[in-house]
Amino acid sequence: MPKTAPSRPHRPHAATPCSILVAGPHITSTRRGSEGYLKHPYISIYTGRCCKSRCTFCLWPQTVGGHRYRTRSVGHVIEEIAGAQKAFPQVKEFFFDDDTFTDDLPRAEAIARELGKLGITWSCNAKANVPRESLKVLRDGGLRLLLVGYESGNQQILHNIKKGMRVEVAEQFTKDCHELGITIHGTFIAGLPGETRETLRETARWAAKINPHTIQVSLAAPYPGTFLYIQAVTNGWLDAEHAELVDEHGIQIAPLHYPHLSHAEIFESVETFYKSFYFRPGKIGSIVSEMVRSPEMMKRRLREGVEFFEFLRERKKIAA
Ligand code: SF4
């Protein structure tokens with residue numbers, strides 16, 4: 001389970017220190033034991049920078065990268081993966097950490113076709129609008145998991161944050177992934193502009209309905225340099241007393257509040273969201289069967305369970 005705020009919602013982040021074995025020109029690292037949704041050890045690689053979307057809360061495209069997806073050639077990426085495959089035969093998965101690897105679908109498909117020849121398992125960040133035909137090509141090329149930033153199940157909130165996504169498109173995409181056997185780690189954000197007590201419940205219900213394999217729930221974080229920050233300051237949603245984004249232990253604090261929704265309510269909604277998602281008979285059953293099938297998953301899920309309850313305890317201290 002994640003303990004800290006991601007810099008932007010749909011990218012993985014190291015919750016605990018990892019053993020970094022290598023850092024080549026484009027290889028971020030090979031890692032053991034942090035992200036519960038990736039196979040370990042994995043290698044994280046960038047094949048391009050930036051994202052075409054304009055989500056108002058998202059840090060990197062607004063401050064560093066811009067909105068033109070700048071990419072390496074297919075051949076260059078494949079050459080690197082083939083080299084890494086030889087150099088690190090112990091690696092079980094490659095993760096493409098591009099903001100949105102699926103932003104250029106013809107290229108993503110071309111890479112997938114080549115990866116299929118190498119016989120590797122891989123995963124990437126994606127937006128919830130990839131058509132089924134493309135998903136098939138990616139899956140046939142070894143795609144195992146997509147890290148998907150859903151953010152909210154409420155259409156008005158998706159409009160408010162300029163997500164460029166329709167709820168029904170995200171639902172169809174998720175259904176397609178389930179049917180094609182592609183695992184999803186879905187990320188959500190509580191406390192975005194337009195959030196109410198009802199939309200918090202609505203998004204939690206929606207997450208359970210579309211049912212990604214695992215989820216991450218973050219608090220809306222107005223980073224300086226983003227449109228959300230300007231909005232928050234202009235509208236008085238951010239006050240000096242709650243302007244910190246994380247506490248000294250790296251636990252997210254709810255920095256935003258609205259006239260109809262307090263910091264405390266937004267903060268507490270994260271725990272309610274996690275519990276309503278994971279403490280369902282169907283979800284518990286699928287996690288248990290995953291653990292029974294694999295001793296490695298058994299160890300990991302048990303460890304994550306302990307971490308999850310520690311995480312809830314830390315949050316309770318902050319709330320007190
Ligand atoms: S799609 Fe993802 S990476 Fe792109 S701007 Fe939105 S949150 Fe950021």
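This report walks through the fold of one protein chain, from the overall picture down to single residues.

## Overview

The model is predicted, not determined by experiment. The protein has 320 residues, and 39% of them count as buried. Its secondary structure comes to 11 helices and 9 strands. Long-range contacts matter for the picture here. Take the contacts with a separation of 6 or more: residues 24 or more positions apart account for 70% of them.

## Strands side by side

Start with strand β8, residues 183-190. This strand is mostly covered, with 7 of its 8 residues buried. Strand β8 has a partner in β7, residues 143-151. The two run parallel, joined by 6 bridges. β8 also pairs with β9, residues 214-219. Again the strands run parallel, and again 6 bridges join them.

Which residue shows both pairings of β8? Look at G186. V148 stands opposite G186 in β8. In β9, the bridge partner of G186 is I215. How does the chain get from β8 to β9? It passes through helix α7, residues 197-210, and this β-α-β crossover is right-handed.

Now move to another set of strands. β2, residues 42-45, and β5, residues 93-96, pair in the parallel sense over 4 bridges. Here I43 has F94 of β5 as its bridge partner. Strand β5 also runs parallel to β6, residues 122-126, and 3 bridges join these two. F96 is matched with C124 in β6. From β5 the chain crosses through helix α3, residues 105-118, to reach β6. This β-α-β crossover is right-handed too.

The table collects the strand pairs.

| Strand pair | Direction | Bridges | Example partners |
|---|---|---|---|
| β7 and β8 | parallel | 6 bridges | V148 and G186 |
| β8 and β9 | parallel | 6 bridges | G186 and I215 |
| β2 and β5 | parallel | 4 bridges | I43 and F94 |
| β5 and β6 | parallel | 3 bridges | F96 and C124 |

## Two helices that cross

Two packed helices are described by the angle between their axes and the distance between the axes. Apply that to helix α4, residues 132-140, and helix α6, residues 167-180. Their axes come within 10 Å and cross at roughly 35 degrees. The crossing of α4 and α6 is right-handed. Which residues make the contact? On α4 they are R132, L135, K136 and R139; on α6 they are D176, C177 and L180. Sorted by type, the contact residues are 3 nonpolar, no polar and 4 charged.

## Two threonines

T183 lies in strand β8. Is T183 buried or partly exposed? T183 is partly exposed, because 16 other C-beta atoms lie within 10 Å, and a buried residue needs 20 or more. Leaving out residues up to four places away in sequence, T183 touches R144, L145 and H213. One of these, L145, is 38 residues away in sequence. Yet the C-alpha atoms of T183 and L145 are 4.5 Å apart in space.

T196 sits in the loop between β8 and α7. With 15 other C-beta atoms within 10 Å, T196 is also partly exposed. T196 touches H260 and L261, again not counting residues up to four places away in sequence. Y258 is 62 residues from T196 along the chain, and their C-alpha atoms are separated by 8.8 Å.

## Unusual backbone spots

Most residues other than glycine have a negative phi, and most peptide bonds are trans. Three places in this model depart from that pattern.

The peptide bond between H40 and P41 is cis, with omega about -5 degrees. P41 is placed in the loop between β1 (27-31) and β2.

E151 is not a glycine, but its phi is positive, about 70 degrees. E151 lies in strand β7. Why does E151 count as buried? Because it has 27 C-beta neighbours inside 10 Å, and 20 or more is enough.

K162 also has a positive phi, near 60 degrees, in a residue other than glycine. K162 is found in the loop between α5 (155-160) and α6. With 15 C-beta neighbours inside 10 Å, K162 counts as partly exposed.

How values were computed: Residues are numbered from 1 along each chain as its sequence is written. This is a predicted model: local features need pLDDT of at least 70, side-chain atom pairs count only at pLDDT 80 or more; totals for chains, interfaces and linings use all residues. Axes are lines fitted to C-alpha atoms, for helices over the stretch in contact, and angles run from 0 to 180 degrees between N-to-C directions. A crossing is left-handed if the near helix is turned anticlockwise from the far one by less than a right angle, and right-handed if clockwise. Two residues are in contact if their C-beta atoms, placed from the backbone, lie within 7 Å. Ala, Val, Leu, Ile, Met, Phe, Trp, Tyr, Cys and Pro count as nonpolar, Asp, Glu, Lys and Arg as charged, and the others, Gly among them, as polar. A residue is buried if 20 or more other C-beta atoms lie within 10 Å of its own, exposed if 12 or fewer, and partly exposed in between; C-beta atoms are placed from the backbone. Two strands pair if DSSP finds at least two bridges between them. A crossover is right-handed if, with the strands pointing away from the viewer, the path from the first strand over the helix to the second runs clockwise.
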